[in-house]
Amino acid sequence: MATIWELDYYSRPIVDDQQKKLWEVLICESPLNVGDKSESLFRYSQFCPSSTVNSLWLAAAIKEAIASSPSPPEKIRFFRRQMTNMIVKACEELHIPTAPSRRTYALQQWLRERMEDVYPTHPGFQSGLTPSVQYSSEIPQALPEALLGEKWSFVTLPVEAFEEMSEWEIEFGEAFGLEAFGLKPQTPIPGLIIFSSRATALAAWMSGLELAFVTFDGGPPARLVLETGASDRWILANLRDLSIVAEVKGFESAKVAANQVHFLAIQSHPEAESFAGFWLLQEFNL
């Protein structure tokens with residue numbers, strides 16, 4: 001199985017002895033299946049003085065992380081768009097592909113942990129210096145006509161059902177462990193299933209998009225939107241029927257109850273016992 005890393009390189013709410021912002025690189029392994037537990041996946045961190053923030057320092061840090069890891073990454077994901085040039089240049093020097101992505105669930109969880117438990121213990125901590133992310137909402141694009149689903153349906157699966165996900169027949173997909181989200185075994189995880197006669201082609205196309213989450217866009221017009229990459233948005237469905245809008249809002253409420261965890265699945269028809277695609281997702285604000 002491929003090894004994918006998630007990376008963040010940015011200033012932290014800490015200043016050094018010269019009252020300059022302290023930077024840090026965080027690298028962690030992406031969980032790719034339900035059995036992956038965040039605490040057992042590879043992690044690497046290193047602080048960086050503001051005077052040495054550049055792609056050369058970052059490349060050296062990534063090289064050091066590779067030397068201490070069980071396996072080198074085949075791809076590195078990053079969510080902070082304002083750091084794109086520096087991250088891409090550093091990774092190019094090491095011949096590692098990069099992907100702007102909001103599918104950085106393990107990294108976001110680790111950042112929250114460090115914001116709460118690590119940075120406040122540093123002598124240079126300043127609570128007012130919280131790094132931000134430059135993010136603008138793009139206009140949703142229409143899906144390629146050949147990849148439009150013919151039908152879709154909202155469903156739910158309890159958390160405990162995902163314990164058997166490794167036994168499901170799935171062509172394309174990605175998942176993560178649910179233990180860290182504090183969900184009870186019976187908690188319903190909401191999902192959207194898209195049915196298509198071109199299910200495999202649709203799943204293959206989506207597998208290259210760095211899927212982030214499915215969400216309701218109230219518009220106008222009201223839409224069901226798939227968020228991908230760093231800021232891309234795709235129209236899964238235009239919602240003209242009030243009863244369907246109510247169904248989508250129910251999906252959104254179920255996401256809230258499940259700590260925003262949900263899933264997207266693709267099947268050839270409602271009676272199919274296999275999945276052309278299945279992705280666990282989580283919506284979060286950067």
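How far is the sulfur of Cys 91 from the closest cysteine sulfur, and in which residue does that closest sulfur lie? Keep the question in mind while we walk through the structure, which is a predicted model. The answer is 14 Å, to the sulfur of Cys 28, and that is too far for a bond. A disulfide, after all, is a covalent bond between the sulfur atoms of two cysteines. To be counted here, the two sulfur atoms must lie within 2.5 Å of each other. By this rule the protein has 0 disulfides. Cys 48 is in no disulfide either, since the nearest cysteine sulfur, that of Cys 91, is 15 Å away. Where do these cysteines sit, buried or exposed? Cys 48 has 0% relative accessibility, so it counts as buried. Cys 91 also counts as buried, because its relative accessibility is 0%.

Now let us step back and look at the whole chain. Its secondary structure comes to 5 helices and 14 strands. The radius of gyration is 20 Å, close to the 19 Å that the globule rule gives for 286 residues, so the chain is as compact as a globular protein of that length. If you follow the C-alpha trace along its principal axes, it spans about 60 × 40 × 40 Å. Of the 286 residues, 49% count as buried. The chain exposes about 13,800 Å², and carbon and sulfur atoms supply 50% of that area. There is also a message in the contacts: among those between residues at least 6 apart in sequence, 71% join residues at least 24 apart.

Next, find the open sheet built from 4 strands in the order β6-β12-β11-β10, with mixed pairing. The edge strands are β6 and β10, and each of them pairs on one side only. Let us cross the sheet from one edge to the other. Strand β6 (residues 141–142) runs parallel to β12, and 2 bridges join them. Strand β12 covers residues 232–238, and 5 of its 7 residues are buried. On the way to β11 (residues 223–228), the direction changes: β11 and β12 run antiparallel, joined by 6 bridges. Finally, β10 and β11 pair in the antiparallel sense, over 6 bridges. Here you can spot Asp 217 standing opposite Arg 223 in β11.

Which residue of β12 should you click on to see both of its neighbours? Try Trp 234. Trp 234 is the bridge partner of Gln 141, and Trp 234 is also the bridge partner of Leu 226. As you look along these strands, remember a general point: in a regular strand the side chains alternate between the two faces of the sheet.

Between β11 and β12 the chain makes a hairpin with 3 residues between the strands, and Gly 229 in this hairpin takes a positive phi near 55 degrees. Most residues other than glycine have a negative phi. Two glutamines are therefore worth a look, as their phi values are positive: Gln 19, near 65 degrees, and Gln 260, about 70 degrees. Gln 19 has its place in the loop between β1 (4–15) and β2 (21–29), and with a relative accessible area of 53% it is exposed. Gln 260 is found in the loop between α5 and β13, and it is partly exposed, with a relative accessible area of 22%.

Last of all, let us go inside. In soluble globular proteins, nonpolar side chains tend to be buried together. The largest nonpolar core here has 48 residues, and those with the most contacts inside it are Met 206 and Leu 264. Several elements supply at least two residues each, including α4 (199–207), α5 (242–257), β13 (261–267) and two strands of the sheet we just crossed, β11 and β12. The largest share, 6 residues, comes from β14.

What does Leu 264 touch, leaving aside its neighbours within four places in sequence? Among its contacts are Leu 192, Ile 194, Met 206, Leu 226, Phe 278 and Trp 279. You have already met Leu 226, as the bridge partner of Trp 234. There is also a second, separate core of 24 residues, which includes Tyr 10, Val 53, Ile 76 and Ala 90.

Methods
Residues are numbered from 1 along each chain as its sequence is written. This is a predicted model: local features need pLDDT of at least 70, side-chain atom pairs count only at pLDDT 80 or more; totals for chains, interfaces and linings use all residues. Side-chain values use heavy atoms; hydrogens and water are left out. Buried means under 20% relative accessible area, exposed over 50%, partly exposed in between (1.4 Å probe, protein chains only). Two strands pair if DSSP finds at least two bridges between them. A nonpolar core is a set of buried Ala, Val, Leu, Ile, Met, Phe, Trp, Tyr and Cys residues joined through side-chain atoms within 4.5 Å. Contact means heavy atoms within 4.5 Å. The radius of gyration is taken over C-alpha atoms; the globule rule is 2.2 Å times the number of residues to the power 0.38. Accessible areas come from the Shrake-Rupley method with a 1.4 Å probe; for residues, only the protein chains shown count as cover.
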